[in-house]
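Here is my note on the model you sent. The points run from the overall picture to single residues, and each can be checked against the display.

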Amino acid sequence: MYAFVAPGQGSQTPGMLAAWLRDPGHAERLRRWSEAADVDLVHLGTKASAAEIARTENTQPLLVAAGLLAHEALATFAGPAEPSVAAPGPAGTAPGSAVVAAGHSVGELTAAVYAGALAPADAVRLAAVRGRAMAAACAETPTSMAAVVGYDEPDVLGRIGELGLYAATFNGPGQIVAAGAVEDLDRLAAEPPPGATVKRLPVAGAFHTPYMESARRTVAAAAARTPFLRPTGALLSNADGRIVSDPDDLRTRLVEQLVGPVRWDLCLDTLGRLAPDVTVCLPPARTLAAILRRQLPELTAVSANGPRDLATVRKRLDAVRERIGAMPEQPAPVRERLDAAGSRTAPAPAPEEGRAHARL
């Protein structure tokens, strides 16, 4: 079994696409995505400054494009025992249940492509709509986010709720991101929960909270016009870490994600119980690879930061395929492994329920 994990906002670096664009095929692909998304991804990925690519409307399509530049190269990897990841539609073959994909926040659009549920151009286009809509929502009210590290979780959640803030992201044990009004975050930093450290994040607003409601409506309209397919790989949802099987359910979850918390901790919990043979950290891989190695050190992880890494990734995937192919009995598919581990697939919460539980 192979897993692919895609990063979210904050992992971008200047010039991150320069090495990819030395290949004419990658350069042409990026130009097509730029036209589809109405954003100059070539400029953003090569010459743009750190400040320019940190703008929400630029960061999100740039990150999705980075993760997808590796997609076609990895989609060509196939074998008799473990099918490959592939683009949906007639251009690719179905990846099958040996593929697990998960993405952090906007990275879930990247993961949807790897799971066979979304075309690459549509993923980049939706990321651009999402980024612009969230940037506009940030301009409505002065909000921000802050990481709360090293604490007793009930104390942190209690303090966050007491200040009228939201628990927007759960990255793992001891790592919750609070979001809300700037003055309330200042109060959190001035009087943190016992044993906790509060670090303000350089973001434009309170992502994954009800402050993003106007963005949710915009993204919902764009998603309604976007074709989603039934995932042919196992796609883990940010909402609860469970497998998403239905295209309409996936569309709903991707939209509601804007106003609800990212439960990356639950995605990692599911990934740990599935125990993939190799987990590929998609570009830019550094942040998620560090989280993965810290929280799931038992997993074998390999990073794909640039085109030079693809040969190493293919070699690792090929080694797994050969090992599995030599087994007298094939390992259980993803859903059987998950059921055996005590988890199951589940429908998305209703929109009202998701928003009601955003503040914890």
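1. Overall make-up. This is a predicted model. The protein contains 16 helices and eleven strands. It has 360 residues, and 56% of them count as buried. Of the contacts between residues at least 6 apart in sequence, 74% join residues at least 24 apart. The exposed surface comes to about 14300 Å², with carbon and sulfur atoms supplying 54% of that area.

2. The six-stranded sheet. Six strands make an open sheet with mixed pairing, in the order β8-β7-β2-β1-β10-β11. Its edge strands are β8 (243-244) and β11 (301-303), each of which pairs on one side only. Within this sheet, β2 (residues 99-103) runs parallel to β7 (residues 234-236), and two bridges join them. To find the place on the display, look for Ala101, which stands opposite Leu235 of β7.

3. Helices on the six-stranded sheet. Helix α12 (residues 264-274) packs on this sheet and touches β1 (2-6), β2, β7 and β10 (278-281). The direction of α12 makes about 160° with that of β2. Helix α13 (residues 286-295) packs on the sheet as well, with contacts to β1, β10 and β11. Between the directions of α13 and β11 the angle is about 165°.

4. The five-stranded sheet. A further open sheet has five strands in the order β6-β3-β5-β4-β9, again with mixed pairing. Strands β6 and β9 (262-263) are at the edges with a single partner strand each, so one side of each has no neighbour in the sheet. Helix α12 packs on this sheet too, touching β4 and β9. Here the direction of α12 makes about 25° with that of β4. Helix α12 therefore deserves a look from both sides: it touches β2 and β7 among others in the six-stranded sheet, and β4 and β9 in the five-stranded one.

5. Strand β3 and its partners. How many of the residues of β3 are buried? Six of the seven residues in this strand (143-149) are, so it is mostly covered. Strand β3 pairs with β5 (residues 175-181) in the antiparallel sense over seven bridges. Bridge partners between these two strands include Ala147 with Val177 and Ser144 with Gly180. With β6 the pairing of β3 is also antiparallel, over five bridges. One of the bridges to β6 joins Val149 and Thr197. As general background, strands of a sheet pair through backbone hydrogen bonds, in either the parallel or the antiparallel sense.

6. Ile160. This residue belongs to helix α8 (residues 153-162). Ile160 counts as buried because its relative accessibility is 0%. Its C-alpha lies 9.5 Å from that of Gly180, and the two residues are 20 apart in sequence. Gly180 is the residue already named as the bridge partner of Ser144 in β5.

7. Helix α6. Is this helix (residues 107-114) mostly covered or mostly open? It is mostly covered, with eight of its eight residues buried. The buried residues include Glu108, Thr110 and Tyr114, along with Leu109 and Val113. Just after α6, Gly116 adopts a positive phi of about 80°.

8. The aromatic pair. Two aromatic pairs are present in the structure. In one of them, Tyr166 and Tyr211 have ring centres 6.2 Å apart and ring planes at 85°, so the pair is edge-to-face. These tyrosines are 45 residues apart and link distant parts of the chain: Tyr166 is in β4 (residues 166-172), while Tyr211 is in the loop between β6 (197-201) and α10 (213-224). Why do the two fall in separate burial classes? The relative accessibility of Tyr166 is 10%, so Tyr166 counts as buried, whereas Tyr211, at 27%, counts as partly exposed.

9. Charge over a ring. The charged end of Arg263 sits over the ring of Phe170, at 4.0 Å from the ring centre. For orientation, residue 263 falls within the edge strand β9 (262-263), and residue 170 within β4 (residues 166-172). Strands β4 and β9 stand next to each other in the order of the five-stranded sheet.

Notes:
Residues are numbered from 1 along each chain as its sequence is written. This is a predicted model: local features need pLDDT of at least 70, side-chain atom pairs count only at pLDDT 80 or more; totals for chains, interfaces and linings use all residues. Side-chain values use heavy atoms; hydrogens and water are left out. Two strands pair if DSSP finds at least two bridges between them. Helices (H or I, at least four residues) and strands (E, at least two) are DSSP runs, numbered from the N terminus. Contact means heavy atoms within 4.5 Å. Axes are lines fitted to C-alpha atoms, for helices over the stretch in contact, and angles run from 0 to 180 degrees between N-to-C directions. Buried means under 20% relative accessible area, exposed over 50%, partly exposed in between (1.4 Å probe, protein chains only). Rings of Phe, Tyr and Trp (its six-membered ring) pair if their centres lie within 6.5 Å; planes under 30 degrees apart count as stacked, over 60 as edge-to-face and the rest as tilted. A charge sits over a ring if NZ of Lys or CZ of Arg is within 6 Å of the ring centre and within 35 degrees of the ring normal. Accessible areas come from the Shrake-Rupley method with a 1.4 Å probe; for residues, only the protein chains shown count as cover.
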